[in-house]
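Okay, thanks everyone for squeezing me in. I'd like to walk you through the sheets and helices of this one, so have a look at the screen.

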Amino acid sequence: PVTVHADTIRAVTRALDGWHQTSGRFDITTLPALLEQGYTHSAVSAAPAPLVPGYRIGTSAQVVVDPARSTITVPAGSAIDLGGIGKGLAADLVADELMAAGATGVLVNLGGDLTVRGVPNDDASWYLGIQDPTAAPRHVALVRLAAGGIATSGTTVRRWLTDGVTRHHLIDPATGTCADVGTLTATVLAADAATAEVFATAAMIRPPAEAIAMLEAFGLAGLIVATDGSVHRTATLRGFLA
């Protein structure tokens, strides 16, 4: 067991909830497999991360969180990566703190994962563009959101070459390799940015039609841009289009 900050307890607990909700598609224990694909440093740090010999992935069920003692225990040979939820959860925390401090309206944008609270002006909604990954800066949709979170996950930014093969940072927990399901980006609207980020990540592990069905089953709104350029929208998204 390792003692961690209360915010880390909250992040890992929420991430494990996401693992259950998505039937394992969202999995924070794929870090060793990501490193094996050649992702040796993050966008903010050039320090290479060590690859665990004989590593294990798909061990979320064995991660133990003890809020009373503020500890987390990770199985031997495993490692966790909160990159699929950290920005969204941080945006939610910052927005809540700003509103508690007296702000009447807040938009927090952390790496493209957004939380909005309150009102920006006389209009009761925030207007947010969803970028077209095939023709930036064009938008594939403009949505209006009174309160909640929106997150996009995709394979267009964090890409690199390993042994002459293009890799990306989204690992399929079932295979331990880069997901290849015909999806370019997934954008999700939810009550908070952490939930939006969890399901946007999970949507990237399923083919577009299956991802849309998953979002609708949870009452979420979103859209998928496929690698062939086609756009798939949930029926629930219509209520948010500006």
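So, E2 and strand E3, residues 71-73, run antiparallel and are joined by three bridges. If you want one to click on, take Asp66: its bridge partner in E3 is Thr71. And before anyone asks, yes, this is a predicted model.

Those two strands belong to an open sheet of three, ordered E1-E3-E2, with antiparallel pairing. Strand E1 (2-3) and strand E2 (64-66) are the edges; each has a single partner strand, so one side of each has no neighbour in the sheet. Lying across E2 and E3 you'll find helix H1, residues 6-21, which runs at about 135 degrees to E2.

Okay, on to the other sheet. How many strands does that open sheet have, and in what order? Six, going E4-E5-E8-E13-E14-E15, and the pairing is antiparallel. At the edges sit strand E4 (105-110) and strand E15 (231-233), which each pair on one side only. From one strand to the next, the twist averages 10 degrees.

Let me zoom in on one pairing. Strand E8, residues 148-154, and strand E13, residues 183-190, make six bridges in the antiparallel sense. For instance, Gly149 has Ala190 of E13 as its bridge partner.

Now, what packs on this sheet? Helix H4, residues 193-203, does, and it touches E5, E8, E13 and strand E14 (221-226). Its direction makes about 25 degrees with that of E8. Then there's helix H3, residues 86-100, lying across E4 and strand E5 (113-118) and running at about 20 degrees to E5.

So how do the helices sit against each other? We describe two packed helices by the angle between their axes and the distance between the axes. For H3 and H4, that's an angle of about 170 degrees, with the axes 7 Å apart. Anything over 145 degrees counts as roughly antiparallel, and H3 and H4 are therefore roughly antiparallel to each other. Their crossing is right-handed. On the H3 side, the contact uses Gly86, Lys87, Gly88, Leu89 and Asp92, and on the H4 side Ala193, Ala194 and Glu197. Sort the contact of H3 with H4 by class and you get three nonpolar, two polar and three charged residues.

Next, H4 and H5. Their axes come within 9 Å and cross at roughly 155 degrees, which makes H4 roughly antiparallel to H5. H4 passes H5 in a right-handed crossing. The residues in contact are Phe199, Ala202 and Ala203 from H4, and Ala211, Met214 and Leu215 from H5. What classes do the residues of this H4 with H5 contact fall into? Six nonpolar, no polar and no charged.

Hang on to Phe199, because we need it for the aromatics. The count there comes to one aromatic pair. The rings of Phe199 and Phe218 have their centres 4.9 Å apart and their planes at 55 degrees, so we call the pair tilted. And where do the two residues sit in the chain? Phe199 is in helix H4, while Phe218 is in the loop between helix H5 (208-217) and E14. They're 19 residues apart, and the pair links distant parts of the chain.

That's my tour. Happy to rotate the view if anyone wants another look.

Key. Residues are numbered from 1 along each chain as its sequence is written. This is a predicted model: local features need pLDDT of at least 70, side-chain atom pairs count only at pLDDT 80 or more; totals for chains, interfaces and linings use all residues. Side-chain values use heavy atoms; hydrogens and water are left out. Two strands pair if DSSP finds at least two bridges between them. Helices (H or I, at least four residues) and strands (E, at least two) are DSSP runs, numbered from the N terminus. Axes are lines fitted to C-alpha atoms, for helices over the stretch in contact, and angles run from 0 to 180 degrees between N-to-C directions. Contact means heavy atoms within 4.5 Å. Angles under 35 degrees count as roughly parallel, over 145 as roughly antiparallel, 65 to 115 as roughly perpendicular and the rest as oblique. A crossing is left-handed if the near helix is turned anticlockwise from the far one by less than a right angle, and right-handed if clockwise. Ala, Val, Leu, Ile, Met, Phe, Trp, Tyr, Cys and Pro count as nonpolar, Asp, Glu, Lys and Arg as charged, and the others, Gly among them, as polar. Rings of Phe, Tyr and Trp (its six-membered ring) pair if their centres lie within 6.5 Å; planes under 30 degrees apart count as stacked, over 60 as edge-to-face and the rest as tilted.
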